[in-house]
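Hi,

Here is the structure I promised to pass on. Have a look at it first, and then read my notes underneath.

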Amino acid sequence: MTKVRYFIGNVFFLILLFGVEMQAQEVDVYLVNQETIIAKPGKVTTVVINISNESTANLKVQPKFFYPKKWSSITDTAVFEIKSKSKSTKLLSFFVPNQTPTENYELAFELEEVRTKKRLQSLSFSVQVKEIVNISIKGIEAPDFVIAGENIHAKFIVRNFGNSEQTILLTPYSCDLIGPERIVLPPNTIQIIEVAASTISELRKVSRKSFRLEGRTSTDNPTQAHAYLHSRVIPNANEEINDGKQLPSYVRLSYIGHNRNNVGYSSGWQGELYTQGSLDEAGKNNLELKLQGPNQFNISSLGLYDEYYAKFETPNYKLHIGDKTYSLSPLTEYARNGRGIEASIQQNHFEAGGFFHRPRFFPTITNEIGVYARHHINQKNTISLNYLHKNYENSEVPASLVSLHSRFALLKNTIIETEVSKGDHGRESGYAGYFRVESSSLKKLRLSSTILYASQDFPGYFTNTWYYTGSANFSITRKISAFANVYQDERNAARDTLYATAPFSKQYQGGLNFRFSTKTQIRASASQNELKDLLPSKKFHRLNQSVKLQINQSIRSLQLSSAIEYGRTQNFLNPEGQEYSRLFRTYLNLNYQLSHRHNFRGFVQFLENNDFNNLNRQQIIYGISGNSKITKSTYLRFQYQNNFEIEEYYRDRNLFELHFTQKIKRQHEISLSGRYALQRQTVNSGDFSVAAHYKYNFGIPLEGKKKQSALLGQIFNTGSDSVEGIVLYLNGKTAITNSEGQFKFRSLAPGKYYLLLDQTTLALHQIPDVPTPIEVEIIEGQDTNLSFGLTTSATISGHLDIIPKKLLTSSGKKNNLELPGPLLIELTDGEDSFRQITEPDGSFIFSGLRPGKWTLNIIYNDLFKHFSLDEETFELELKPGQKEDIQIRLRKKERKIKFLQSLSLTSKD
């Protein structure tokens with residue numbers, strides 16, 4: 001009987017198993033959309049699948065969803081029933097964490113029959129996670145004022161909000177960098193960049209000096225960010241000011257000498273007259289004039305080409321007559337130096353303008369006419385219609401181009417720039433397109449890409465070219481990130497002959513960044529780079545494939561960067577069988593900031609390769625440079641480099657350069673320069689140049705003399721030690737307080753003045769109780785009285801605290817919470833504002849504050865998106881000498897997950 005039962009049971013099990021297998025074959029699961037699934041970090045992604053039951057039985061199934069570790073499922077996985085001969089559609093939703101690396105991930109969906117616990121069917125699919133690039137620049141510190149003739153020192157914050165290390169090229173405008181032009185920032189880090197700008201000592205009117213810092217992540221048409229800072233420049237007229245309103249101006253006489261390859265010495269003289277300033281007190285009508293000649297550009301690399309122009313601007317009108325770089329749009333005319341006239345008018349949101357000019361350094365084009373109409377929708381969104389007409393020297397048939405150019409900020413942090421253009425030259429027609437996008441809308445995602453195409457017959461700035469660049473960055477962890485870049489040069493750009501033709505480059509690069517601390521970073525990368533000489537007699541054409549390890553270290557004022565690169569080179573100029581060779585390179589760079597007045601840089605590089613003339617060469621390249629402000633009026637700059645790599649022969653290469661400048665009083669300046677360089681488009685042809693300059697600063701009077709008056713003042717003791725012996729400056733004039741704090745300035749012409757205190761004559765922690773500089777209005781024929789007090793400064797310090805310190809995870813473990821990066825702290829009393837970033841430990845301090853009411857604001861950034869503040873604004877009432885400490889409490893936000901109900905669409909076949 002037992003054997004019979006055993007036999008019947010086995011038969012029943014086999015029948016059941018066969019039935020389950022048949023059901024499994026009759027149940028199908030597949031994606032509705034078979035295209036590549038793209039997931040964005042920090043966002044929810046939804047995938048739609050179809051489930052088909054072709055069997056004759058209703059099935060109760062248990063869905064199971066398998067996804068990578070640390071991802072979150074937002075899909076209901078409750079048991080459901082699939083009717084016989086029906087189909088059902090289900091949504092699979094999952095959350096991809098912000099720190100997810102960029103690569104393909106395998107996910108799986110499985111159906112299990114509830115009664116038998118057997119798998120009916122499964123589906124595997126890939127999800128590709130996007131990469132993130134995000135840099136920004138913000139101005140944080142600039143003096144509210146400086147005295148005319150002094151240098152302005154200001155600070156910017158360069159931030160890498162992306163998830164991979166970025167090499168950022170810094171470009172200053174209207175200022176000079178104090179430090180390296182190339183910095184390397186690991187993800188989620190910042191670096192403070194200091195700049196300096198000079199001012200004209202003969203300034204006769206308070207003016208505003210603006211300077212800009214731009215950062216870019218590639219060498220051509222890069223992903224970039226920029227920021228502005230401003231300072232007031234106060235006149236420094238030591239003599240009595242009785243000449244009325246003047247335009248700051250100067251004249252300069254230059255001598256330039258040159259000896260090329262010891263074949264003969266040539267020289268020449270050049271003069272310059274320059275003036276720039278406002279014609280009215282409100283600063284709305286501005287004039288700029290420059291007369292520089294004759295042309296000495298061909299004598300040496302220190303010579304300048306002649307330049308003559310006059311420019312007049314008002315808030316609504318602009319007029320430029322003479323030389324300038326004329327441009328219309330990226331596709332039609334990008335940059336063309338010429339002599340002509342340009343004018344524009346802007347009313348409300350509409351702008352129209354045009355130009356006519358004759359190119360100076362592109363002989364093929366005889367003249368150009370360009371016009372445009374532009375609509376400024378707002379500050380960030382514009383659209384313009386452009387037309388360009390070109391006449392050629394060797395053709396009677398002109399070229400005409402029309403383009404539509406736009407720039408839109410579609411989302412909060414997304415900018416899209418586009419242009420389409422059509423050009424006709426006789427019977428030939430061509431088309432071109434331009435597209436650029438920069439996006440950081442998501443927390444850790446920044447996209448940057450540029451594409452430019454021009455057809456073979458397009459008669460614009462680019463012809464027969466295909467250019468693209470793109471970069472991506474992703475954080476794997478807080479200290480590890482991955483990056484990838486791709487780049488290809490444009491071809492056939494109609495550049496002026498002033499600019500040399502650079503080598504063609506095509507590059508692919510990817511790697512990892514490791515940040516051990518804020519001062520130590522390691523970068524490992526692999527790259528493929530093709531370099532091709534574009535000159536007729538090619539000196540090089542090679543393909544480098546290599547891996548590279550780079551270490552960056554900061555030790556107080558010393559910054560070190562070292563690297564080693566290893567790979568192979570394919571030299572296309574070598575005979576077959578000899579084109580491959582080993583590539584080995586190592587280098588060490590250092591930058592030492594001795595003080596804000598002295599900076600030194602040095603480097604050494606060893607290279608082994610056979611990329612030139614079939615020779616296996618070993619080359620050591622080293623150099624040193626420095627900038628020094630020896631005294632307040634004496635400046636010295638030097639540079640030395642023993643050699644250059646061959647691919648740089650398309651440009652002039654300085655082997656040695658020395659500049660010396662000496663200011664004599666306020667109006668006179670003498671400078672001497674010497675340079676020994678290798679000539680462009682030659683390998684080792686030497687070029688020695690010298691130059692001497694004399695500059696005289698003066699003012700062009702715009703008004704007649706005015707009657708003079710006096711300023712009578714007194715400083716009261718409102719909380720300081722003493723008010724005697726304090727030195728004050730009024731537009732360069734000097735006065736000293738007596739024992740009662742009284743001071744006097746005589747022989748003042750009517751107008752606005754700015755009173756300053758010499759900080760070195762104040763006691764420790766002693767400050768005025770009003771904002772400085774103090775603006776004073778002098779009225780003709782009247783004496784003006786002024787009084788204020790001295791008090792003891794206050795201090796505000798603070799730190800960031802995460803509450804609680806530890807967070808309980810889903811597995812029951814407690815993880816320590818760390819600050820995701822620095823915060824920007826702003827302090828203001830309505831008149832003065834100060835900004836500061838927190839230290840790595842979250843601390844900050846503001847010292848030297850006037851007593852009174854202050855407001856401290858916490859400025860969020862993307863790194864703190866998942867934190868909340870107990871208080872974002874602190875109102876403070878400071879007393880003389882008070883030291884206030886603030887605790888800023890941060891709390892981790894709780895993420896609420898909502899499960900999506902399954903979408904079930906059942907139908908009978």
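Below is what I found, going sheet by sheet and ending with one residue.

Keep in mind that this is a predicted model, and that the values below are all computed from it.

Let's start with β1, which covers residues 27-31. This strand has two faces: Val 27, Val 29 and Leu 31 make up the covered one, while Asp 28 and Tyr 30 sit on the uncovered one. Its partner is β3 (residues 44-53), and the two run antiparallel with five bridges between them. If you want a spot to click on, Val 29 lies opposite Ile 51 of β3.

Next, the four-stranded sheet. It is open, its strands come in the order β10-β12-β16-β14, and the pairing is antiparallel. The edges are β10 (135-141) and β14 (176-178); each has a single partner strand, so one side of each has no neighbour in the sheet. From one strand to the next, the twist averages 35°. At the β10 end, the partner is β12 (residues 152-160), joined to β10 by six bridges in the antiparallel sense. Within that pair, Ile 137 has Val 158 in β12 as its bridge partner.

There is also an open sheet of five strands, ordered β11-β18-β17-β13-β15, and here the pairing is mixed. β11 (145-147) and β15 (182-185) are the edge strands; both have a single partner strand, so one side of each is left free of a neighbour in the sheet. Ignoring direction, neighbouring strands of this sheet are turned by 35° against each other on average. Towards the β15 edge, β13 (residues 166-173) pairs with β15 through four bridges, antiparallel. Leu 169 is bridged to Arg 182 in β15 there.

In case the parallel/antiparallel talk is rusty: strands in a sheet pair through backbone hydrogen bonds, in either of those two senses.

Finally, a residue to zoom in on: Glu 288, in strand β21 (residues 286-293). Is Glu 288 buried or exposed? Its relative accessible area is 14%, and the cut-off for buried is under 20%, so Glu 288 counts as buried. The side chain of Glu 288 makes a polar contact of 2.8 Å with the side chain of Tyr 309. Setting aside neighbours within four places in sequence, Glu 288 is in contact with Tyr 274, Thr 275 and Gln 276, and also with Tyr 309, Ala 310 and Lys 311.

Shout if anything is unclear.

Cheers

How values were computed
Residues numbered from 1 in each chain as written. Predicted model: local features only at pLDDT ≥ 70, side-chain atom pairs only at ≥ 80, totals over all residues. Heavy atoms only, no water. Pairing = 2+ DSSP bridges. Axes fitted to C-alpha atoms, helices over the stretch in contact; angles between N-to-C directions. Buried < 20%, exposed > 50% of the residue type's maximum accessible area, 1.4 Å probe, protein only. Polar contact = N/O pair within 3.5 Å; in protein donor to acceptor, adjacent residues only side chain to side chain. Contact = heavy atoms within 4.5 Å.
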